[in-house]
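Open the model in your viewer and keep the sequence panel beside it. The tour goes stop by stop: select, look, move on.

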Amino acid sequence: MKIDINADISLLSLTLDDAQTISILVNQNRDDLERFFPWTKNLHTREEAEAYISDRIFDDVNKGKWFVIKFRGVKSGIFGIKSIDKVNLTAELGYWLCAEARGRGVTNIIIKSLSGFLARSHLIETIVFRCLEKNSAGIRVIEKAGGELVDAIENDMDIEDKLQKINIYHLKIA
């Protein structure tokens with residue numbers, strides 16, 4: 001599946017064929033990514049990238065939909081609709097970008113486009129984001145999209161700075 005967001009940005013369904021590219025991107029951006037994403041500790045090789053991808057695309061519990069972000073023709077990160085809760089009318093989104101694609105509004109453009117799609121096709125009213133409290137770049141993206149801090153929970157992730165909380169943001173779309 002391919003979703004053209006605009007002339008520069010498209011989303012391609014994440015597949016096991018993306019493993020080599022994902023391992024290269026993670027290794028090139030490891031210093032930034034491992035501060036906020038514990039899975040990076042277990043992703044160094046193509047085989048480990050296959051496991052990372054499998055955990056997402058074959059998740060029968062959350063039934064998320066995961067994409068490779070293509071920016072100006074180059075695979076540049078991952079974007080996921082991590083889960084859709086049809087009872088509470090929420091969807092949780094998650095993403096990461098390589099350094100070359102950051103600071104260009106890519107994530108906000110995708111969020112705006114997918115928010116409208118989720119509201120129309122799944123009757124979603126609220127987008128949920130989880131972001132570590134020291135991830136200032138991630139927080140800026142969420143706040144620029146219109147997300148508001150609604151809660152902070154204890155951090156149980158395996159990262160260096162375990163004292164920071166996980167902030168929960170809601171973006172009302174309906």
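Where in the chain does Leu 89 lie? Select Leu 89 and see: the residue sits in the loop between strand 4 and strand 5. Keep in mind that this is a predicted model. Now check the backbone of Leu 89. Its phi is near 55°, a positive value in a residue other than glycine. Switch on the surface. Leu 89 counts as partly exposed, with a relative accessibility of 22%.

**The whole chain**

Zoom out and show the cartoon. The protein chain has five helices and eight strands. Followed along the sequence, their order is β-β-α-α-α-β-β-β-α-β-α-β-β. The radius of gyration is 15 Å, close to the 16 Å that the globule rule gives for 174 residues, so the chain is as compact as a globular protein of that length. Turn the C-alpha trace along its principal axes: the span is about 40 × 40 × 35 Å.

Next, colour by burial. Of the 174 residues, 44% count as buried. The accessible surface comes to about 9500 Å², and carbon and sulfur atoms hold 50% of that area. Colour by charge as well. You will find 24 positive and 26 negative side chains, and the centres of the two sets lie 5 Å apart.

How much of the contact set comes from residues 24 or more positions apart? Such pairs account for 60% of the contacts with a separation of 6 or more.

**Strand 3 and its neighbours**

Select residues 65-71. This is strand 3, and it is mostly covered: five of its seven residues are buried. Add residues 9-13, which form strand 2. Strands 2 and 3 run antiparallel and are joined by five bridges. Pick Leu 11 to see one pairing; its bridge partner in strand 3 is Ile 69.

Now add residues 74-85 for strand 4. Seven bridges join strand 3 to strand 4, again in an antiparallel arrangement. Select Phe 71 and look across: its bridge partner in strand 4 is Val 74.

Move to the turn. The hairpin of strand 3 and strand 4 has two residues between the strands. Arg 72 belongs to this loop. Its phi is near 50°, a positive value in a residue other than glycine. Is Arg 72 buried or exposed? At 52% relative accessibility it counts as exposed, because the cut-off for exposed is over 50%.

**Lys 65**

Go to Lys 65, which is in strand 3. This residue counts as partly exposed, at 33% relative accessibility. Show its contacts, leaving out residues up to four places away in sequence: Lys 65 touches Met 1, Ser 13, Phe 79, Gly 80 and Ile 81. Then draw a C-alpha to C-alpha distance from Lys 65 to Phe 37. The two are 28 residues apart in sequence and 19 Å apart in space.

**Thr 90**

Step along to Thr 90, in strand 5 (residues 90-97). Is Thr 90 buried or exposed? It is buried, with a relative accessible area of 18%, because buried means under 20%. Display the residues that Thr 90 touches, again not counting those up to four places away: Ser 83, Ile 84, Asp 85, Ile 124, Thr 126 and Val 128. Now draw a C-alpha distance from Thr 90 to Lys 172. The residues are 82 positions apart along the chain, and the separation is 9.3 Å.

**Strand 8 and its partners**

Last stop: select residues 166-172. This is strand 8, which is mostly covered, with five of its seven residues buried. Which strand pairs with strand 8 over seven bridges? Add residues 126-132: that is strand 6, which runs antiparallel to strand 8.

Then add residues 148-153 for strand 7. Strand 7 and strand 8 also pair in the antiparallel sense, over five bridges.

Finish on Asn 167 in strand 8. Cys 131 stands opposite Asn 167. Ala 152 stands opposite Asn 167 too. Show the three residues together to see both pairings in one view.

Terms used: Residues are numbered from 1 along each chain as its sequence is written. This is a predicted model: local features need pLDDT of at least 70, side-chain atom pairs count only at pLDDT 80 or more; totals for chains, interfaces and linings use all residues. Side-chain values use heavy atoms; hydrogens and water are left out. Helices (H or I, at least four residues) and strands (E, at least two) are DSSP runs, numbered from the N terminus. The radius of gyration is taken over C-alpha atoms; the globule rule is 2.2 Å times the number of residues to the power 0.38. Buried means under 20% relative accessible area, exposed over 50%, partly exposed in between (1.4 Å probe, protein chains only). Contact means heavy atoms within 4.5 Å. Accessible areas come from the Shrake-Rupley method with a 1.4 Å probe; for residues, only the protein chains shown count as cover. Lys and Arg count as positive and Asp and Glu as negative; His and the chain ends are not counted. The place of a charge is taken as NZ of Lys, CZ of Arg, CG of Asp or CD of Glu. Two strands pair if DSSP finds at least two bridges between them.
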